[in-house]
Amino acid sequence: MKIAISGKGGVGKSTLAAAISLILAERGTKVIAVDADPDANLAQALGISEADQSSIIPIARRAALIEERTGAKVSQYGQMFKINPRVSDIADSYAFNHRGVSLLVLGAIERGGGGCACAESILLKALVTDLVLFKGETLVMDMEAGVEHLGRATAKGVDEMVVVVEPGQRSMESARRIIRMSAEIGLPDPVFVINKAKGFGDEDFAVKGLAAAAEAEGRSRPVVLGVIPYSDEIMGSDRDGTAVIDSVGPEIRALFEEITSRIAERKAVKG
Ligand SMILES: Nc1ncnc2c1ncn2[C@@H]1O[C@H](COP(=O)(O)OP(=O)(O)O)[C@@H](O)[C@H]1O
Ligand SMILES: [Mg+2]
């Protein structure tokens, strides 16, 4: 099962990705969690200690690995690349293991300074393709507000594109853009989690906003997997650096459990 999670910055993608990953791991599933957001914070959301977080080197910053596999120097133009760099061992060799979850941090591709990040891009793209299309493990991919790293070929392997939204215009606009980009590369219709809802007014706003966005893009009526309230416990887990599922009471934990189960059930139905 391959799950991609997208949405505007700060909506709660990493919170949800961490909760789903840890719940699946508790249920005995082997999970590879990929932090594909340049603004990476999945390690934190998983409750990995600060000391361990600082020991994690993002793949995009492993120059020696990138040069060895692509045959090209990082940050240079006009070179020859190996079109299919070997990447199948990277998850095993470079993931950080935490409570049954193997975390891979891709890292930001730095395009500043006029250099070309071609070698880095090629390696990351090949790695994501390998994880989505050829690895048997369940994949939970924490992405940015788009479909970066996913191309037409990879999109076929994604079972569920989950977009996290919060009740607000900017988040709705972002959701609409993700709906459009998903369709363009052939991803399945996104499904949605409404986060940080303060009461029914917020939920109603988000449901109507998503319906309007899907209609405007000519997509089918959006499926909402769950609604998570604004919660001081969730906020507190960020402050304290603990895993979200350890910090919340049974009601909110049940919401994350249900969202996880619905994704798994949908996969079972779709086959
Ligand atoms: N339901 C919620 N209630 C309150 N705070 C939340 C909720 N969901 C997420 N947050 C907080 O919002 C912030 C951003 O969440 P995060 O998961 O890091 O977002 P993203 O990965 O989309 O940028 C964090 O401080 C997180 O603890
Ligand atoms: Mg994040």
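# Fold, packing and ligand shell of a predicted model

Visitor: Which radius of gyration does the protein chain have, against that of a compact globule with 271 residues?
Guide: This is a predicted model. For 271 residues, a compact globule would have a radius of gyration near 18 Å. The C-alpha trace spans about 55 × 45 × 40 Å along its principal axes. The value for the protein chain agrees with the globule: 18 Å.

Visitor: How many helices and strands does the protein chain have?
Guide: Eight strands form one open sheet, with mixed pairing. Helices are counted along the chain too. The totals are twelve helices and eight strands.

Visitor: Which are the edge strands of the sheet?
Guide: The strand order is 3-4-2-5-1-6-7-8. Neighbouring strands are turned by 20° against each other on average, direction ignored. An edge strand pairs on one side only. That picks out strand 3 (96-98) and strand 8 (223-229).

Visitor: In what sense do strand 2 and strand 4 pair, and which residue stands opposite valine 34?
Guide: Strands of a sheet pair through backbone hydrogen bonds, either parallel or antiparallel. Strand 2 (residues 31-35) and strand 4 (residues 101-105) share five bridges, in the parallel sense. Opposite valine 34, in strand 4, stands leucine 104.

Visitor: Which strands does helix 9 touch, and what angle does its direction make with strand 7?
Guide: Helix 9 (residues 200-216) packs on the sheet. Its contacts are with strand 6 (160-165), strand 7 and strand 8. With the direction of strand 7, helix 9 makes about 150°.

Visitor: Which strands does helix 12 lie across, and at what angle does it run to strand 8?
Guide: Helix 12 covers residues 250-270. It lies across strand 1 (2-6), strand 6, strand 7 and strand 8. Its angle to strand 8 is about 165°.

Visitor: How are helix 1 and helix 12 oriented to each other?
Guide: Their axes are 9 Å apart, and the packing angle is about 75°. Ala19, Ile20, Ile23 and Leu24 of helix 1 meet Phe256, Glu257 and Thr260 of helix 12. By class, that contact has five nonpolar, one polar and one charged residue. The angle makes the two helices roughly perpendicular.

Visitor: How do helix 4 and helix 6 lie to each other?
Guide: The axes of helix 4 (residues 63-70) and helix 6 (residues 118-134) come within 10 Å and cross at roughly 80°. Helix 4 contributes Ile66, Glu67, Arg69 and Thr70, and helix 6 contributes Ala119, Glu120, Ile122 and Leu123. The contact has four nonpolar, one polar and three charged residues. The crossing is therefore roughly perpendicular.

Visitor: Which residues come nearest to ligand 1?
Guide: The shell around ligand 1 has 18 residues. Helix 1 (13-26), strand 7 (191-197) and helix 10 (232-240) each give two or more of them. By class, the shell has six nonpolar, nine polar and three charged residues. Nearest come Gly12, Lys13, Ser14, Thr15 and Asp238.

Notes: Residues numbered from 1 in each chain as written. Chains lettered and ligands numbered in written order. Predicted model: local features only at pLDDT ≥ 70, side-chain atom pairs only at ≥ 80, totals over all residues. Near = placed C-beta within 6 Å. Helix = DSSP H or I, 4+ residues; strand = E, 2+ residues; numbered from the N terminus. Nonpolar A, V, L, I, M, F, W, Y, C, P; charged D, E, K, R; others polar. Axes fitted to C-alpha atoms, helices over the stretch in contact; angles between N-to-C directions. Parallel < 35°, antiparallel > 145°, perpendicular 65-115°, else oblique. Contact = placed C-beta atoms within 7 Å. Pairing = 2+ DSSP bridges. Rg over C-alpha atoms; globule rule 2.2 N^0.38 Å.
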